[in-house]
Amino acid sequence: ILLTGATGGLGRNTAFHLREHGHQVRCVGRDPAALAQLAHDGFDVVSADLSGANLEPLMTGIGIVVHAAARSSVWGHLANFERDNVWATKRLVEASIAGGVRRFVHVSTPSLLYRPRDQFGLRETDPLPPPANHYARTKALAESVLREAASRIEVVGIRPRGLYGPWDTALFPRLARANSQRGIPLVRGGRFKVDLTGMPNAVEALGACLTSPASSLGTFHHVSDGTPIEFRGAVEGVFGSLGIPVRWRPMP
């Protein structure tokens with residue numbers, strides 16, 4: 001299995017999960033320190049820029065690609081998002097097809113469905129609203145690239161919501177930084193509900209994508225822990241377990 005984004009939080013958890021289930025994993029990433037640690041842990045590692053590197057050598061002996069690499073941020077320049085989320089995905093899927101890869105498993109995002117209001121029970125078939133930012137826009141385009149390629153390679157993916165757990169570099173680290181600076185923004189008293197996804201559930205879903213039936217193909221499946229919880233309770237539970245007082249900053 002070729003695993004891109006292997007130096008990110010989801011990628012690192014996925015690498016170990018796949019190996020524990022008997023797969024040989026080639027890890028691709030751009031974080032030198034994380035790659036060095038993966039190499040130390042016995043993985044085949046490659047440092048590569050998917051938007052510009054020669055991808056043909058990566059495909060030697062590969063049967064399945066798990067594409068977890070992406071530019072994931074709520075801000076930045078559109079050109080950078082297009083390069084890393086659209087162009088890199090297009091190059092990787094074309095290299096996969098040329099290399100005889102059987103299945104392409106893609107990590108997308110439920111940010112595609114963001115609207116400025118509460119939403120419950122969202123389905124994969126729900127129409128997408130106008131994108132909220134460059135990230136959502138380019139991840140939607142990446143899904144389109146893969147749907148167009150679905151007649152030439154098996155395509156399936158997940159949209160995990162609010163990832164947390166080992167090697168998390170986004171959700172709770174950002175909250176921790178806010179807590180240590182001006183305080184965590186508290187909207188509506190923090191009583192609104194959020195869906196979160198623990199790393200074990202996300203990697204289990206990716207593992208299921210490796211052998212999922214034909215009926216699952218061409219779809220990007222929503223994944224979460226399955227139980228929406230109040231934002232305030234989630235934050236206070238995590239920070240409390242670490243013995244860190246929560247500093248709230250009420251906002252309209």
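His17 is located in helix H1 (residues 9-20), where helices (H or I, at least four residues) and strands (E, at least two) are DSSP runs numbered from the N terminus. The model is predicted: local features need pLDDT of at least 70, side-chain atom pairs count only at pLDDT 80 or more, and totals for chains, interfaces and linings use all residues. Residues are numbered from 1 along each chain as its sequence is written, and side-chain values use heavy atoms, with hydrogens and water left out. His17 has a relative accessibility of 11% and therefore counts as buried (under 20% relative accessible area, with exposed over 50% and partly exposed in between; 1.4 Å probe, protein chains only). Residues up to four places away in sequence being excluded, His17 touches Val203, Glu204 and Gly207, contact meaning heavy atoms within 4.5 Å.

The strands form an open sheet of 7 with parallel pairing, in the order S3-S2-S1-S4-S5-S6-S11; two strands pair if DSSP finds at least two bridges between them. S3 and strand S11 (220-223) are the edge strands, each pairing on one side only. From one strand to the next, the twist averages 20 degrees. At the S11 edge, strand S6 (residues 154-160) runs parallel to S11 and is joined to it by 4 bridges, with Ile158 standing opposite His221. Helix H6 (residues 199-209) packs on the sheet and touches strand S4 (64-67), strand S5 (103-107), S6 and S11. The direction of H6 makes about 170 degrees with that of S6; axes are lines fitted to C-alpha atoms, for helices over the stretch in contact, and angles run from 0 to 180 degrees between N-to-C directions.

At the S3 edge, strand S2 (residues 26-29) and strand S3 (residues 44-47) run parallel and are joined by 4 bridges. Val45 in S3 is the bridge partner of Cys27. The chain passes from S2 through helix H2 (residues 32-40) to S3 in a right-handed β-α-β crossover, meaning that, with the strands pointing away from the viewer, the path from the first strand over the helix to the second runs clockwise.

A further helix pair comprises H5 (residues 171-180) and H7 (residues 231-241), whose axes come within 12 Å and cross at roughly 85 degrees. H5 is therefore roughly perpendicular to H7 (65 to 115 degrees; under 35 counts as roughly parallel, over 145 as roughly antiparallel and the rest as oblique). Phe172, Leu175, Ala176 and Asn179 in H5 meet Phe231, Val235, Val238 and Phe239 in H7. The residues of this contact divide into 7 nonpolar, 1 polar and no charged, where Ala, Val, Leu, Ile, Met, Phe, Trp, Tyr, Cys and Pro count as nonpolar, Asp, Glu, Lys and Arg as charged, and the others, Gly among them, as polar.
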